[in-house]
Amino acid sequence: MSETDLPTFEDVVAAAQRQQGYVRETPVLSHGAIDAAAGARVFVKAECLQVTGSFKMRGATNRLAQLSPDERKAGVVAFSSGNHAQGVARAARLMGMPAVIVMPSDAPKVKVEGVRADGGEVVLYDRNTESREEISVRIAAERGAVVVPSYDDKHIIAGQGTAGLEFARQMEAMGETLDHLICCTGGGGLITGIALAFERLSPQTKIWTAEPEAHDDWARSLERGEIVANAPGTRSICDAILTPQPGKLTFAIGKRLLAGGLRVSDEEVRGAMRAAFRHLKIVAEPGGAAALAAALSRMPDAMKGTRVGVLVTGGNVDAADFAPVIAAG
């Protein structure tokens, strides 16, 4: 891997220019009850209010905007449990190109329907017996299409990093500086893109991953200084961040810029979903609520009393799954 494979702060800034007219600036929210529960001042960037309901539109837009006219004619192929799928499908529709999305058969219905609503062709697979990467490569070869990875791509990372660019500038406009930032982490495209932005704009901010406690590949990888995979079959309600292990590009950035990893239980995630709904009036899907769960339940003592940024990264959850979580509170 060479340095040219890795995105830079300048790539994040360029991505923000390409995204104009495609993505929206999402708000930063706060509430006294959340501060009290966390024992810190918590600032929540609500990427669940992004176009298509998650941050994934950022990376998809940046990647697709750089395709040549011939590549646009053949279209793109992406593999995703849902949010990247929706981002690619929407960006493809807006830019006038076909998109095939390879999705697990157990993906939330709301995400599958979102892809189809944007004209994306859905190909379902069994995540336990089939390889989504192999299926995607085969389809791309048959159609001459471009594969758009969900995280381990410099253009995707730079595109996701615009959320960090916004967040740092929003905090500056408030006259505040974050001491810590927590972000849910699957493959790592979002958190490492954010880290590139904060390295330049708010270098004193320590950045932490948030993952399900049984699916904590990033935390373990950061502790060991090398990529560590999850055991096959590990599960959590946080479907959006259940990737097998950190990406090669994302870990190369993360091992340099991330402070460490926090782990949360599924029940703590449900509590965070309820807190987001009750106090911030936003809908958070399980994976999107992991960082808020870490802030509310798992922050180390050293983070108490500080200013903590949190990303709620997505809100694409089936009503039938969301309703009982809220009712239980």
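In this predicted model, His180, Ile182 and Cys184 project from one side of strand S7 while Leu181 and Cys183 project from the other, and all of these residues are buried. Because 5 of the 5 residues of S7 (residues 180-184) are buried, the strand is largely enclosed by the rest of the structure. The points below set out the pairing of S7 with strands S8 and S10, followed by strands S4 and S5.

**Strand S7 and strand S8**

- Strand S8 spans residues 206-212 and pairs with S7 in the parallel sense, over 5 bridges.
- Cys184, one of the residues that point the same way from S7 as His180 and Ile182, has Ala210 of S8 as its bridge partner.
- Helix H10 (residues 189-201) forms a β-α-β unit together with S7 and S8, and the unit is right-handed.

**Strand S7 and strand S10**

- S7 also runs parallel to strand S10 (residues 307-312), to which 3 bridges join it.
- Within this pairing, His180 is placed opposite Val308 of S10; the His180 side chain belongs to the buried set described for S7.

**Strands S4 and S5**

- Strand S4 (residues 99-104) and strand S5 (residues 121-125) run parallel and are joined by 5 bridges.
- Between S4 and S5 the chain passes through helix H6 (residues 109-117), and this β-α-β crossover is right-handed.
- Val102 lies opposite Val123, a residue of S5.

Key. Residues are numbered from 1 along each chain as its sequence is written. This is a predicted model: local features need pLDDT of at least 70, side-chain atom pairs count only at pLDDT 80 or more; totals for chains, interfaces and linings use all residues. Side-chain values use heavy atoms; hydrogens and water are left out. Buried means under 20% relative accessible area, exposed over 50%, partly exposed in between (1.4 Å probe, protein chains only). Helices (H or I, at least four residues) and strands (E, at least two) are DSSP runs, numbered from the N terminus. Two strands pair if DSSP finds at least two bridges between them. A crossover is right-handed if, with the strands pointing away from the viewer, the path from the first strand over the helix to the second runs clockwise.
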